[in-house]
Amino acid sequence: MSHGVVRVGPFPFRQFIVKMHGRCNLACRYCYLYEGPDRTWRDRPAKASWAVLDRTAERIAEHARTHGCTDLSLVLHGGEPLLAGAGTLARFTGHVRARVPHGTTVHAAVQTNATLLTEARLATLAAAGIRVGISLDGGLPGHNARRVDHAGRPSWPAAARGARLVADRFPDSYAGILTVVDPTLDPVETYDSLLALRPPALDLLLPHGNWSAPPPHLAGERHGRWLCAVFDRWWHAGRRETRVRLFEACIALLLGRPAATEPLGLAPFETVVVETDGSIEQVDSLKSAYDGAAETGLDVFRHTFDEALRHPAVAARQAGADALDATCRACPLLHVCGGGQYAHRYRAGHGFTNPSVYCSDLQRFIRHVAQRLTEETALAAAVPAEGGTP
């Protein structure tokens, strides 16, 4: 969305996150989903039934028809979605594609911890046109020390084997790696170690936290400094070794271009979640705020996704700057920062109408990227074009 365009909502959902399995084979020590304040997962079935998946496919197709959607994102999620079986993931994805209107493209991906990836499972996913996104804390064993199974054993050997298998044997199915920023780790070492796994893209996410439950190591803008260090390593590489979506989004927004990313910008929020019991929810990150924060009271059996669009919490997320704190609305970085990720604004007793708990980190990072762009522009202006033309 370009600046100056009047926002008119609601905006249809274009990304559908479907919980294929509600449990995980790992017990990561920092997991906000299973170790955080939300407990709703305990009362849900471990695996989505075919009745839930069939109805979800029907609702997605209905939404696409209503709004004339030509491109949709289908994210197969968990827990660990591969616990549902690669065949189930493939069957459901095919079911969605068969239901949506002719001319609608469904971009499907699974987000996995990579420990259950085998050549046979990857072949099934590849044949179904499902790309594979991997969650890791870095590309070295020490980076992933907190990612353990339920017996406390390290997950790294299996995860590294799975990641390398995707890169070596199924590169066209490789969506990339998602990594949560850990400011206690060396930023450049972390980035370089992830590059060794040959991801086509990286998602760097700030750890979930808020004003009432601040993330660790918040003082001193350590997360922002970490991102700046990785940005410089990426920026000065001389070639694009991989896409880093956060960096590309920040550059685009600074240049006045649209960027579709939840952590930055004021683009309309277009993501919805279907839980294993068919409940329609907001994104999982909200579960880091308080128990039940993502609930809407809706489900795919009795409600359409259009009804979810009209839910007050979803409407607030699509209101852009109007839903932000006055401090955010007055900030010169508003069009880039967008108030930061919604879950990171929460303060008990005050809801989500607050600046991000990472406000100073985001300002440091955005201003750093802006400075690099300014330097590059000045350098380009100082070097005459070929043939001597300034």
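## Helix α8 and its surroundings

A residue counts as buried when its relative accessible area is under 20%, and in this predicted model that cut-off is met by 8 of the 10 residues of α8, so the helix is largely enclosed by the rest of the structure. The buried positions of α8 are Leu246, Phe247, Glu248, Ala249, Cys250, Ile251, Ala252 and Leu253. The elements that cover them include the strands β6 (201–205) and β7 (243–244), together with the helices α7, α12 (334–337) and α13. After α8 comes Gly256, which has a positive phi near 80 degrees.

## Packing of α8 against α13

One of the elements covering α8 is α13, and the pair can be described through its axes: α8 (residues 245–254) and α13 (residues 359–382) pack with axes 10 Å apart and at an angle of about 70 degrees. That angle makes α8 roughly perpendicular to α13, and the crossing of these two helices is right-handed. On the α8 side the contact is formed by Leu246, Phe247, Cys250, Ile251 and Leu254, while α13 contributes Phe365, Ile366, Val369, Ala370 and Leu373. Several of the α8 residues in this contact also belong to its buried set, among them Leu246, Phe247, Cys250 and Ile251.

## Packing of α6 against α7

A second helix pair is formed by α6 (residues 187–195) and α7 (residues 222–235), whose axes come within 8 Å and cross at roughly 50 degrees. The two helices are therefore oblique to each other, and their crossing is right-handed. From α6, the residues Pro187, Val188, Thr190, Tyr191, Asp192 and Leu195 meet Trp226, Ala229, Val230, Arg233 and Trp234 of α7. Helix α7 is also among the elements that cover the buried residues of α8.

## Cysteines without disulfides

With a disulfide taken as a pair of cysteine sulfur atoms within 2.5 Å, the count for this model comes to 0 disulfides. Cys228 takes part in none, and the nearest cysteine sulfur, which belongs to Cys250, is 9.3 Å away. At 8% relative accessibility, Cys228 counts as buried.

For Cys331, the closest cysteine sulfur is that of Cys359, and the separation of 6.4 Å is too far for a bond. Cys331 has a relative accessibility of 23% and therefore counts as partly exposed.

## Two buried loop residues

Pro199 sits in the loop between α6 and β6, and with a relative accessible area of 3% it is buried. Its C-alpha atom is separated by 4.7 Å from that of Gly176, although the two residues are 23 residues apart along the chain. When neighbours within four places in sequence are left aside, the contacts of Pro199 are Tyr174, Gly176, Ile177, Leu194 and Thr242.

Ser155 is placed in the loop between β4 (130–135) and α5 (156–169), where its relative accessibility of 6% counts as buried. Leaving aside neighbours within four places in sequence, Ser155 is in contact with Leu26, Thr115, Arg147 and Val148.

## The annotated domain

An unreviewed UniProt entry places the feature "domain: Radical SAM core" at residues 20–187. Over residues 20–187 the chain is 36% helix and 17% strand, and the C-alpha atoms at the two ends are 33 Å apart.

Technical notes:
Residues are numbered from 1 along each chain as its sequence is written. This is a predicted model: local features need pLDDT of at least 70, side-chain atom pairs count only at pLDDT 80 or more; totals for chains, interfaces and linings use all residues. Side-chain values use heavy atoms; hydrogens and water are left out. UniProt positions are given in the numbering used here, feature names are shortened, and annotations may be inferred rather than shown by experiment. Helices (H or I, at least four residues) and strands (E, at least two) are DSSP runs, numbered from the N terminus. Buried means under 20% relative accessible area, exposed over 50%, partly exposed in between (1.4 Å probe, protein chains only). Axes are lines fitted to C-alpha atoms, for helices over the stretch in contact, and angles run from 0 to 180 degrees between N-to-C directions. Angles under 35 degrees count as roughly parallel, over 145 as roughly antiparallel, 65 to 115 as roughly perpendicular and the rest as oblique. A crossing is left-handed if the near helix is turned anticlockwise from the far one by less than a right angle, and right-handed if clockwise. Contact means heavy atoms within 4.5 Å.
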